[in-house]
Structures are given as C-alpha cells and as structure tokens.
Amino acid sequence: MAVQASAVPTSGSADILARLAEVIESRRGADPSRSYVAKLLAGGDDRILKKVGEEATEVVIAAMQGEKARIVSETADLWFHTLVMLAHHELRPQDVLAELMRREGLSGIDEKASRTAG
Ligand SMILES: N=c1c2ncn([C@@H]3O[C@H](COP(=O)(O)OP(=O)(O)OP(=O)(O)O)[C@@H](O)[C@H]3O)c2ncn1[C@@H]1O[C@H](COP(=O)(O)O)[C@@H](O)[C@H]1O
C-alpha cells in the first residue's frame with residue numbers, strides 16, 4: 001500500500017491514542033461476550049501479554065515480507081493491544097508520549113555512552 005499524502009493524520013486522528021484509551025477504560029467490567037477489550041482485561045496479563053507477543057511477531061513477519069498494507073495493519077493491532085496492556089497497568093498513552101518527548105533530541109548513541117561514563 002502506497003502511503004499517500006491523504007493518509008497523513010488529520011486533526012481528527014491526531015488524538016486517536018487518547019480517544020482509544022478512553023474507550024478501553026470504559027470497557028472495564030463490561031460484558032466480555034460483547035466487548036473484545038473487556039475480554040482482554042478480564043483475562044489479565046496472561047491473555048493481554050500473549051496477544052502483545054503474537055502481534056509483535058506478526059509485525060516482524062509482515063516487515064520481513066515487505067508488504068506495506070500488512071505492516072500497517074499488524075502495527076495497528078500491536079499498538080491497540082499495547083494500549084490495552086498499558087490500561088491494565090493503569091497507564092495511559094500520554095505516559096509513553098511524555099517519555100518520548102523527554103528523550104526528544106537525545107541521541108541514542110550519546111545516551112548509551114552516558115550510562116557507562118563516570
Ligand atoms: N482497535 C481495535 C482493535 N484492533 C484489533 N482488534 C481485535 O483484535 C483481535 C486480534 O486479532 P487476531 O486476528 O489475532 O484475532 P483472534 O484470533 O480473533 O483473537 P483472539 O480470540 O485469539 O484473542 C481481533 O478480534 C480484532 O478485531 C481490535 N478490537 C477493538 N479495537 C478498538 O477497541 C474498541 C472497543 O472494542 P470492543 O471492546 O470490542 O467494543 C473498538 O471500537 C475499536 O476502536
């Protein structure tokens with residue numbers, strides 16, 4: 001799948017992670033037969049981490065095969081299941097975004113070197 005200019009996030013999709021996190025929160029205690037998120041949350045780490053692992057592996061396979069549409073689809077599955085894992089641990093996407101912002105501009109090479117310095 002070619003990534004078109006029209007696929008660039010619009011203002012409506014920029015906060016999709018926050019909106020999805022709210023939906024995930026709203027599913028706590030919901031009927032697992034009616035909500036996939038409720039089923040995952042009810043299964044706890046065992047069910048959630050199994051899915052995160054599976055979806056990560058599917059991303060790797062898709063990337064190795066180089067199919068852009070599948071890479072996007074599998075990455076969406078991985079991000080979604082990762083959001084459920086964060087919710088299960090009472091974390092929000094904003095926690096991860098804040099950590100990425102904290103690292104912004106800090107070279108990974110320099111950061112690694114600073115761990116052994118001194
Ligand atoms: N973004 C997603 C999303 N992405 C993937 N999936 C589901 O994740 C599952 C994983 O895919 P697999 O192919 O591995 O599925 P599977 O073999 O059927 O899964 P398992 O039974 O093994 O867990 C599928 O059932 C997908 O439908 C999602 N399910 C829900 N959402 C979002 O979560 C919201 C709430 O969902 P419900 O809680 O179901 O209402 C939805 O409105 C969506 O916005």
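**The ligand shell and the nonpolar core**

The shell around the ligand is made up of five nonpolar, two polar and five charged residues, where Ala, Val, Leu, Ile, Met, Phe, Trp, Tyr, Cys and Pro count as nonpolar, Asp, Glu, Lys and Arg as charged, and the others, Gly among them, as polar. The model is predicted, with local features needing pLDDT of at least 70 and side-chain atom pairs counting only at pLDDT 80 or more, while totals for chains, interfaces and linings use all residues. Residues are numbered from 1 along each chain as its sequence is written, and side-chain values use heavy atoms, with hydrogens and water left out.

Among the residues around the ligand, each with a heavy atom within 4 Å of it, are L20, R27, Y36, K39, D77 and H81. Helix 2 (16-26), helix 3 (36-65) and helix 4 (68-88) each contribute at least two residues to this shell, and helix 3 gives the largest share, five residues; helices here are DSSP runs of H or I with at least four residues, numbered from the N terminus.

Polar contacts are pairs of N or O atoms within 3.5 Å. A polar side-chain atom of K51 comes to 2.7 Å from a ligand oxygen atom, a polar backbone atom of V37 is 3.0 Å from a ligand oxygen atom, and for a polar side-chain atom of E55 the distance to a ligand oxygen atom is 3.3 Å. Of the 840 Å² of accessible area that the ligand has on its own, the protein covers 52% (Shrake-Rupley method, 1.4 Å probe).

V37 also belongs to the largest nonpolar core, which has 13 residues, and is listed with I24, L40, L41, I48, F80 and V84 as having the most contacts inside it. Such a core is a set of buried Ala, Val, Leu, Ile, Met, Phe, Trp, Tyr and Cys residues joined through side-chain atoms within 4.5 Å, buried meaning under 20% relative accessible area (1.4 Å probe, protein chains only). Helix 3 and helix 4 each supply at least two residues of this core. Leaving aside residues up to four places away in sequence, V84 touches I24, L40, L41 and I48, with contact meaning heavy atoms within 4.5 Å.

Methods: Polar contact = N/O pair within 3.5 Å; in protein donor to acceptor, adjacent residues only side chain to side chain. Buried < 20%, exposed > 50% of the residue type's maximum accessible area, 1.4 Å probe, protein only.
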